[in-house]
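Hi everyone, thanks for coming. Let me put the sequence and the model up on the screen, and then I'll walk you through a few parts of it.

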Amino acid sequence: MDQRSAEPVRLVIWDLDETFWKGTLTEGGITFSPENRDVVIALAERGIISTICSKNDLEPVRDILKQHDVWDYFVFPSVNWEPKGPRLQALIEAIQLRAETVMLIDDNPMNRNEALFFVPGIQVADETVIPGLLSNPLFKGKDDHALTRLQQYKLLDKRKADEIAAGGSNVEFLRSSDIRVQVEHDIEGHIDRVIELINRTNQLNFTKRRLLEDRTAAEAEVRAMAADYDKQCGLIRVRDNYGDYGFCGFFTLKTSVTDRRRLLHYCFSCRILNMGVEAFVYQMLGRPALAVEGEVLSDPVTADAVDWITVVSDNETEEARPKDAPPFFLRGGCELAAVEHYARLVSANVRGEYNFVRNGLDYRINHSLLTRYAIEGLPEGAAQAVYRLGYAPEDFRSALFSDPLPGHWILNLLPDQWVALYRHKETGTLIPFVVAPQRRQPNACELTDAQRRELTDNPAALTALETLAREFSYAGHITGPIFKGNLHTILQAIPEESKIFIILNKQYYGAEDVPETQLPHAVRLNRWTREVAAEYENVRCVLITDFFESVADAQANNHFHRMVYYRLFKHVHATAFGAEPVAAHESGTTWNAAGQSLCPIDGAMTAEPAEALSALGNNAEALSRHEAAVERFPDEFWPNFGLAWVTARHSCAEDTVRIWSDLVSRFPGKLPALEALDSARLAAETRAAEIASSANTR
């Protein structure tokens, strides 16, 4: 046995006569070897499986091995008088291992040579190898004192025997087996298994993108991959009527709003070969792009539809993807493309519309204004000028809203927070336009030709910037009335029986939620969204940062750790079906008995409905609620902010300035209060100018 090029052994095939025991059973009896029995047991505790290939009668062999308490440590025993070569070939195929990881131990050189002929690559040795087996590096294995791997192969053994006994159609046998698949998205506690599946599987490893062999480096690579918002990872656990096969598969799916979704890793253990699992999971994932590398034993891309497997929930108490599951409709940015992945695992009907890049220009179709135009159409007379900005007619059409269906709708309006609006000079039509992706948005109408060329050398972008300067004027960020009007139009276009979730944006930059990092535009947009949503019984607002578990989940941009989107979707899914919503974290959403969110801000709980009452005109009750909140939390900022807000709404310009000035004095450095004070002062100055102009006119 040459160990220099041999692979670690995962399966030992034992001959019996003059190998596992002394003597020949049919020629006067044998002398049993307790030492060899102990070797089989020790191998099993290392995760190395044993089987038998012997020319003997089955019943006496089984009686002897049972008598010595070792029969149950063998799987797929082959004991009969047929030639060994074909039996070994069938045995390795049934156990679903590569020949290079299998060793036959047989005292007969003819049997060993026959094995090499029928099973190229198999390792062979005579009985003299046995005493040094446990110290041989090829038999190191890994700790499995629980005998998990042995039990999994016992399941395969029983399953194969029943399949042969049943005869008839293999599909009918599979259908009767009640095969159930569960997806484990949180892979942190199972990184060892992920590495093993990626690096050690071959015959059902369709991508063969190996990790580094250094363990620490491999773990770091897996963690980095699992953190990316656009790489959705999952371990596949398989169970059936015969038992639990454990984590048998792994995938990494690259989600994208610009390209077809594609699988970066797609690999399975051979223990689920011929069950249809790899084809079923591929179909469940929505048939993403899959570039198959090397030789494999099946083709999930061309496989027929698999209808004998069920996806089950985490606790395996219910089907996770029932045939009558309601549809999901999503409109947003790349963050909702991540959410879409999880929606596909619970519903067969998922449709999404996302931002895109065309000719180097960034089009944020989930801006509330563009969504409104997709519902109502562009204002008359403005279309040609808008198209000269690079927009196309199809950008103002929506398959979701052309014939809206009831279901679960998930919306995100992040561009309203940062994308500037431009007003068409002739018609007054407003249009959002991204001047410089990933950069602070300059006023395109003020750029010189040199500044435009410094920003970009893209001809399409230069044409759009020149068109903006010539035919449009800068209108700044969206205002509250315009945004609220857009959102009302959007919500009213969705069937009333739908359940609508609006994702609220992160309200601070960087990783720390402190006063110095607050984003006034985000705070304001989230407030406007809540005010509109409060008027609709079927609308819920969900704050993305409620699903952070640590500072590591936050990033400087608006993309977060992959698990943030998974937690968010679990919350949406549970809430939509009337189940107990996923528990919020310390900084997360708390839900009251009416299903309304209570948003923790600076340690105090401020109920959204108070401001909603004010928005609906019930000012007395709104004022009463805010006063009660301030009485409970007199030194907290947000209750005082709420009281100032509802009071200022019904005060004259001078009193409004005084109200906000007082709040700024009490809570220095709070950006929402400073922003409100600036707005109040501007409104007061505008009002004074209007009065002066009116007096001069008279």
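I'll begin with the overall picture, then go through some strands, some helices and a few charged pairs.

Before that, some ground rules. This is a predicted model, with local features needing pLDDT of at least 70 and side-chain atom pairs counting only at pLDDT 80 or more, while totals for chains, interfaces and linings use all residues. Residues are numbered from 1 along each chain as its sequence is written, and side-chain values use heavy atoms, leaving out hydrogens and water.

OK, the overall picture. The protein has 24 helices and 25 strands; these are DSSP runs numbered from the N terminus, with helices being H or I of at least four residues and strands being E of at least two. Of its 698 residues, 52% are buried. Buried here means under 20% relative accessible area, exposed means over 50%, and partly exposed is in between, using a 1.4 Å probe and protein chains only. If you take the contacts with a separation of 6 or more, 66% of them are between residues 24 or more positions apart; a contact means heavy atoms within 4.5 Å.

Let's go to strand 8, residues 179-184. Five of its six residues are buried. What does strand 8 pair with? On strand 12, residues 309-311, there are three bridges and the two run parallel. On strand 9 there are five bridges, and that pairing is antiparallel. Pairing, by the way, asks for at least two DSSP bridges between two strands. To pick out individual partners, V181 is bridged to V311 in strand 12, and Q182 to R237 in strand 9.

Strand 9 turns up again when we look at helix 8, residues 215-227. Helix 8 has 13 residues and reaches 18 Å from first C-alpha to last, close to the 18 Å expected at 1.5 Å a residue; the expected span is 1.5 Å times one less than the number of residues. Which residues of helix 8 are buried? A218, V222, M225 and A226 are. They cover an arc of only 95° around the axis, so they sit on the same side of helix 8; that arc is taken from the directions from the helix axis to the C-beta atoms. As for what covers them, the list includes strand 9 (231-240), strand 10 (243-254) and helix 19 (562-576).

Helix 5, residues 148-166, is another one to look at. It has 19 residues and reaches 27 Å, close to the 27 Å expected. Its buried residues include L150, Y153, L155 and L156, and also charged-letter names such as R149, D157 and R159.

Now a sheet further along the chain. Three strands form an open sheet in the order 19-18-20, paired antiparallel. Strand 19 (430-432) and strand 20 (472-476) are at the edges with a single partner strand each, so one side of each has no neighbour in the sheet. Neighbouring strands here are turned by 35° against each other on average, direction ignored. In the middle, strand 18 (residues 421-424) is joined to strand 20 by four bridges, with R423 standing opposite S473. Helix 16 (residues 459-471) packs on this sheet, touching strand 18 and strand 20, and its direction makes about 90° with that of strand 20. Helix 11 (residues 368-376) lies across strand 18 and strand 19, at about 120° to strand 19. Those angles run from 0 to 180 degrees between N-to-C directions, and the axes are lines fitted to C-alpha atoms, for helices over the stretch in contact.

Helix 11 also brings us to charges. Its R372 and E376 meet in a salt bridge, at 3.2 Å from N to O. Why about one helical turn between them? Because R372 and E376 are four residues apart in helix 11. R372 is partly exposed, at 24%. Just after the helix, G377 lies in the loop that leads to helix 12 (383-387).

A salt bridge means a side-chain nitrogen of Lys or Arg within 4 Å of a carboxyl oxygen of Asp or Glu, and the structure holds 35 of them. Buried or exposed, where do D362 and R364 fall? Both are buried, and their closest N and O atoms are 2.9 Å apart. D244 and R239 form another salt bridge, at 3.6 Å; here D244 is partly exposed at 29%, while R239 is buried at 15%. Finally, D228, D230, K231 and K254 are linked in a network of salt bridges.
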